[in-house]
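Let's read a protein model by asking short questions. Each answer works through the evidence and ends on what was asked.

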Amino acid sequence: MSKTKILWVDDEIELLKPHILFLEQKGYDVTAANSGVEALDLLKDNHFEIIFLDEQMPGIDGLETLSRIKRLSPAVPVVMITKSEEENIMEEAIGQQITDYIIKPVNPNQILLSLKKILQKKELVSEKTNLSYQQEFQKISMDISMISSYEEWADLYQKLVYWELKMDQLKDSQMYEILQGQLQEANRAFFRFISKNYEDWFEEEEEAPLMSHQLLRKKVFPKIKGSTLLIVIDNLRYDQWRVIAPMINDYYRVDEEILYYSILPTATQYARNSIFGGLMPLELKKHYPQWWKDDSDEGGKNLHEADFLEAQIRRLRLDLKTNYIKILNYQFGQKIISQFSRFKNYDLNVVVYNFVDMLSHAKTEMDIIKELASNDKAYRSLTKSWFQNSPLFEIIKLAAENQMKLMITTDHGTINVKRPTKVIGDKEASLNLRYKTGRSLTYEKKDVYAVEKPEKIKLPSVSINSPFIFAKEDYFFVYPNNYNYFVEHFMNTYQHGGISLQEMIIPFVELSPR
């Protein structure tokens with residue numbers, strides 16, 4: 001095994017010979033430099049895994065040397081060694097990304113401890129995470145087989161996402177695959193749970209979870225305070241929320257974070273219309289036929305969200321002035337930023353942001369996105385990068401500056417589909433890959449939750465004898481015609497509309513400005 005190469009920079013390096021010998025006896029390869037200039041020359045021609053740097057040196061001092069080191073080798077860990085504990089010096093060093101610091105006089109054990117802390121950190125974290133997950137594995141498996149309530153499923157999904165995010169930091173692909181297997185096992189059991197209980201939720205509402213059509217009435221309207229901003233990020237999964245949440249924490253503190261259930265189908269035209277209309281799709285079609293469109297109807301299915309929102313407010317006899325905005329692209333997002341001052345004129349500002357939905361559909365159509373979001377870990381990373389540089393983040397910052405209350409949610413999640421299942425239907429059948437409705441559907445019964453009478457789950461029938469079928473786990477529907485082509489085209493893409501933890505159990509967060 002090759003030795004760890006250390007560069008030690010100090011204008012009194014001769015006095016540190018005993019320390020260097022100590023490290024060499026421990027198996028490290030130490031190169032000495034007695035000035036910043038010499039250190040930078042060495043760094044141009046050599047690779048070092050860690051640098052010990054004296055803060056007070058003649059010529060170019062430690063902080064200037066540090067700045068130049070970071071330009072040459074941004075990733076190399078640097079430990080600052082200093083006689084001074086002055087706050088401004090340490091702040092400047094930390095600002096330039098030192099990894100650790102040691103106060104003189106230095107003893108060999110301090111150096112060794114710093115080395116181990118830095119060089120073995122990833123291995124130690126990986127080892128501890130793997131051990132913790134192994135200890136948790138059996139309990140999660142038992143929970144999966146024993147769960148009998150929607151609350152327990154939300155708790156379990158939260159736990160699985162926690163471990164997914166922990167595993168994202170590790171290189172141990174074997175342990176990650178074990179976790180993915182456990183998530184798949186959970187989705188099998190969750191499908192059975194939904195198939196057994198979903199219809200009952202509409203007969204006994206007190207036994208049901210919070211769902212799409214109740215969200216505004218129960219969670220948003222009662223909490224409006226001053227000018228409030230509600231952001232609905234289409235297609236945002238709970239794991240994606242968890243990766244963008246830390247960025248928002250600099251501007252807002254979380255008052256409440258819950259997981260609620262998307263209605264079936266977990267698709268925008270059903271779930272989001274239900275959120276804004278405050279009713280299930282069957283009732284929306286009955287009361288507002290001029291705004292509702294079935295799958296087989298021509299035209300956009302979500303063109304009347306603002307109308308549904310105003311109708312719900314009138315039904316509840318609320319005195320609220322609302323502002324509804326749907327952002328479909330970057331340019332329009334920038335325009336909204338420039339007009340943000342008018343948000344203060346409304347009690348409730350609703351911003352629907354469609355980026356994550358566009359990303360999931362783009363993954364289906366564009367090879368470059370398929371590469372960038374090849375799996376859930378990459379999908380989370382891409383979501384984080386997008387959000388960090390998005391107009392949406394700028395809107396949130398402006399809301400914080402204006403001391404506006406903030407709420408963030410979504411209409412449904414999405415799942416990476418892996419397994420095709422054949423379906424046959426007439427030309428009027430819906431096109432979604434995770435649910436179908438229409439006459440004369442033929443399908444693999446074991447792969448779906450079938451509802452012969454859609455009114456039982458508060459969905460409108462497209463026509464007589466038009467059931468709804470929902471794909472389970474990570475299955476997707478494919479017609480027999482050109483079967484192999486469509487399997488290849490849609491395999492490993494993100495879809496929604498069916499039954500999985502990722503699609504149905506989704507976040508709602510209430511926040512206050514810091």
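Q: In what order do the three strands of the open sheet with mixed pairing stand?
A: This is a predicted model. Its three-strand open sheet has mixed pairing. β14 (442-443) and β17 (475-478) stand at the edges, each with a single partner strand. The order is β14-β12-β17.

Q: Why is one side of β14 and of β17 left without a neighbour in the sheet?
A: β14 and β17 stand at the edges of the sheet. One side of each is left without a neighbour there because each has a single partner strand.

Q: Which residue in β14 stands opposite Val423?
A: Strand β12 (residues 419-424) and β14 run antiparallel. Two bridges join them. Opposite Val423 stands Tyr443.

Q: At about what angle to β17 does helix α19 run?
A: Helix α19 covers residues 483-490. The helix lies across β12 and β17. Its angle to β17 is about 145°.

Q: Which strands are the edges of the five-strand open sheet?
A: The order in this sheet is β2-β1-β3-β4-β5, and the pairing is parallel. An edge strand here pairs on one side only. The edges are β2 (29-33) and β5 (100-103).

Q: Which residue in β2 stands opposite Lys5?
A: Strand β1 (residues 5-9) pairs with β2 in the parallel sense. Five bridges are found between β1 and β2. Lys5 stands opposite Asp29.

Q: Which helix packs on the five-strand sheet?
A: The helix touches β1, β3 (50-54), β4 (78-82) and β5. Its direction makes about 170° with that of β5. It is α5 (residues 108-119).

Q: Over the face of which ring does Lys422 lie?
A: Lys5 offers one example of such a placement: it lies over the face of Phe48, at 5.6 Å from the ring centre. For Lys422, the distance from the ring centre is 4.9 Å. The ring belongs to Tyr483.

Q: Which helix gives the most residues to the largest nonpolar core?
A: In soluble globular proteins, nonpolar side chains tend to be buried together. The largest nonpolar core here has 108 residues. Trp153, Phe190, Ile194, Tyr198 and Phe470 touch the most other members. The helix that gives the most, with 10 residues, is α8 (residues 173-197).

Q: Are the rings of Trp201 and Tyr261 stacked or edge-to-face?
A: Trp201 is buried at 6% relative accessible area, and Tyr261 is buried at 1%. Their ring centres lie 5.4 Å apart. Their planes stand at 85°, and over 60 degrees counts as edge-to-face. So the pair is edge-to-face.

Q: How many residues apart are Trp201 and Tyr261?
A: Trp201 is in the loop between α8 and α9 (215-220). Tyr261 is in strand β7 (residues 252-261). The pair links distant parts of the chain, 60 residues apart.

Q: Are the rings of Tyr288 and Trp291 stacked or edge-to-face?
A: Both residues, Tyr288 and Trp291, are buried. Their ring centres are 5.2 Å apart. The planes meet at 15°, and under 30 degrees counts as stacked. So this pair is stacked.

Q: Is Glu164 buried or exposed?
A: Glu164 is found in helix α7 (residues 150-168). Beyond its neighbours within four places in sequence, it contacts several residues, including Asp239, Asp376 and Arg380. Its relative accessible area is 3%, and buried means under 20%. So Glu164 is buried.

Terms used: Residues numbered from 1 in each chain as written. Predicted model: local features only at pLDDT ≥ 70, side-chain atom pairs only at ≥ 80, totals over all residues. Heavy atoms only, no water. Core = buried A, V, L, I, M, F, W, Y, C linked by side-chain atoms within 4.5 Å. Buried < 20%, exposed > 50% of the residue type's maximum accessible area, 1.4 Å probe, protein only. Helix = DSSP H or I, 4+ residues; strand = E, 2+ residues; numbered from the N terminus. Phe/Tyr/Trp six-rings, centres within 6.5 Å; stacked < 30°, edge-to-face > 60°. Lys NZ or Arg CZ within 6 Å of the ring centre and 35° of its normal. Contact = heavy atoms within 4.5 Å. Pairing = 2+ DSSP bridges. Axes fitted to C-alpha atoms, helices over the stretch in contact; angles between N-to-C directions.
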